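Visitor: Please choose one part of this model and take me through it closely, with the cut-offs behind each term. I would rather follow a single connected account than a list.

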Amino acid sequence: MKTQTKILPPELLLEEYRKLLQEEGVKELPLTITGNSMSPFLIHDRDTVYLSRLTRPARRGDMLLYRRDNGAYILHRVYAVTPDAYTMVGDAQTELEHGIRPDQIIAIVTRVTRKEQELRPGAFWWDFFATAWLRLLPMRRPIHRLYTAVKPPKG
């Protein structure tokens, strides 16, 4: 039997994921990371997140997949929670996105495959980015400049 691969535009794939995650029996769906907003924790086309239905209130540090009002699907981390909205930020970003409503949330990331290693809450790097990295938000630009200045060249 021959295996076929079908590539879907992200908006179609994620709309299917949204529907599947509402079905009974669907616990988790894998999604390869595209884009750079969650680096340095998650890297474009290298790492995979596993999405599940959100069954509890989201907390600071959780990674959530949500849909903006303009239709864009975004995977970012919860920076703050208010009674009626979330404030979100990517790990590579310094600008906060306010006003994400609970009805915009599609899924929560329950585990990741990062550098071919599985990580879950409780793992050092998972917890570092969910806690310390959020507290370092005002320092991210200088940290990034320092990192790129001392990073060894590729090759």
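Guide: What follows is a close look at strand 2 and the loop that leads into it, and then at the core and the charged pairs.

This is a predicted model, in which local features need pLDDT of at least 70 and side-chain atom pairs count only at pLDDT 80 or more, while totals for chains, interfaces and linings use all residues. Residues are numbered from 1 along each chain as its sequence is written, and side-chain values use heavy atoms, with hydrogens and water left out.

Helices (H or I, at least four residues) and strands (E, at least two) are DSSP runs, numbered from the N terminus. The loop runs between strand 1, residues 29–32, and strand 2, residues 48–52, and Ser39 is found in it. The side chain of Ser39 reaches the backbone oxygen of Asn36 at 3.1 Å. Ser39 is also in contact (heavy atoms within 4.5 Å) with Asp91 and Ala92, once its neighbours within four places in sequence are left aside.

Two backbone features of this loop deserve attention, and a general expectation helps in reading them: most residues other than glycine have a negative phi, and most peptide bonds are trans. The peptide bond from Ser39 to Pro40 is cis, with omega near 15°, and Pro40 lies in the same loop between strand 1 and strand 2. Asp45, which is also placed in this loop, has a positive phi of about 65° although it is not a glycine. With a relative accessibility of 59%, Asp45 counts as exposed, where buried means under 20% relative accessible area, exposed over 50%, and partly exposed in between, computed with a 1.4 Å probe on protein chains only. A positive phi is also found at Glu116, near 65°, in the loop between strand 7 and strand 8 (117–119), and Glu116 counts as exposed at 79% relative accessibility.

Arg46 and Asp47 form a salt bridge whose closest N and O atoms are 2.7 Å apart; the term stands for a side-chain nitrogen of Lys or Arg within 4 Å of a carboxyl oxygen of Asp or Glu. The two partners are covered to unlike degrees, since Arg46 is partly exposed at a relative accessible area of 36%, whereas Asp47 is buried at 0%.

Strand 2 itself is mostly covered, with 5 of its 5 residues buried. In a regular strand the side chains alternate between the two faces of the sheet. Here Thr48, Tyr50 and Ser52 point one way, while Val49 and Leu51 point the other way, and all are buried. Pairing (at least two DSSP bridges between two strands) links strand 2 to strand 1 in the antiparallel sense over 4 bridges, with Tyr50 as the bridge partner of Pro30. Strand 2 also pairs in the antiparallel sense with strand 7, residues 105–114, over 5 bridges, and there Val49 stands opposite Val112.

Val49, Leu51 and Val112 are among the residues with the most contacts inside the largest nonpolar core, which has 24 residues and for which Leu42 and Leu75 are listed as well. Such a core is a set of buried Ala, Val, Leu, Ile, Met, Phe, Trp, Tyr and Cys residues joined through side-chain atoms within 4.5 Å. Strand 1, strand 2 and strand 7 are among the elements that each supply at least two residues of this core, and strand 7 gives the most, with 4 residues. Leu42 touches Ile33, Asp47, Val49, Met63, Leu75 and Val112, not counting residues up to four places away in sequence. Apart from this core lies another, of 10 residues, among them Ala58, Leu64, Tyr66 and Ile74.

Strand 7 brings the account back to charged pairs, of which the structure holds 12 salt bridges. Arg111 forms one with Glu118, with the closest N and O atoms 2.7 Å apart; Arg111 counts as buried at 14% relative accessibility, and Glu118 is partly exposed at 43%. Salt bridges that share partners join Glu28, Arg111, Glu118 and Arg120 into one network.

Key. Polar contact = N/O pair within 3.5 Å; in protein donor to acceptor, adjacent residues only side chain to side chain.
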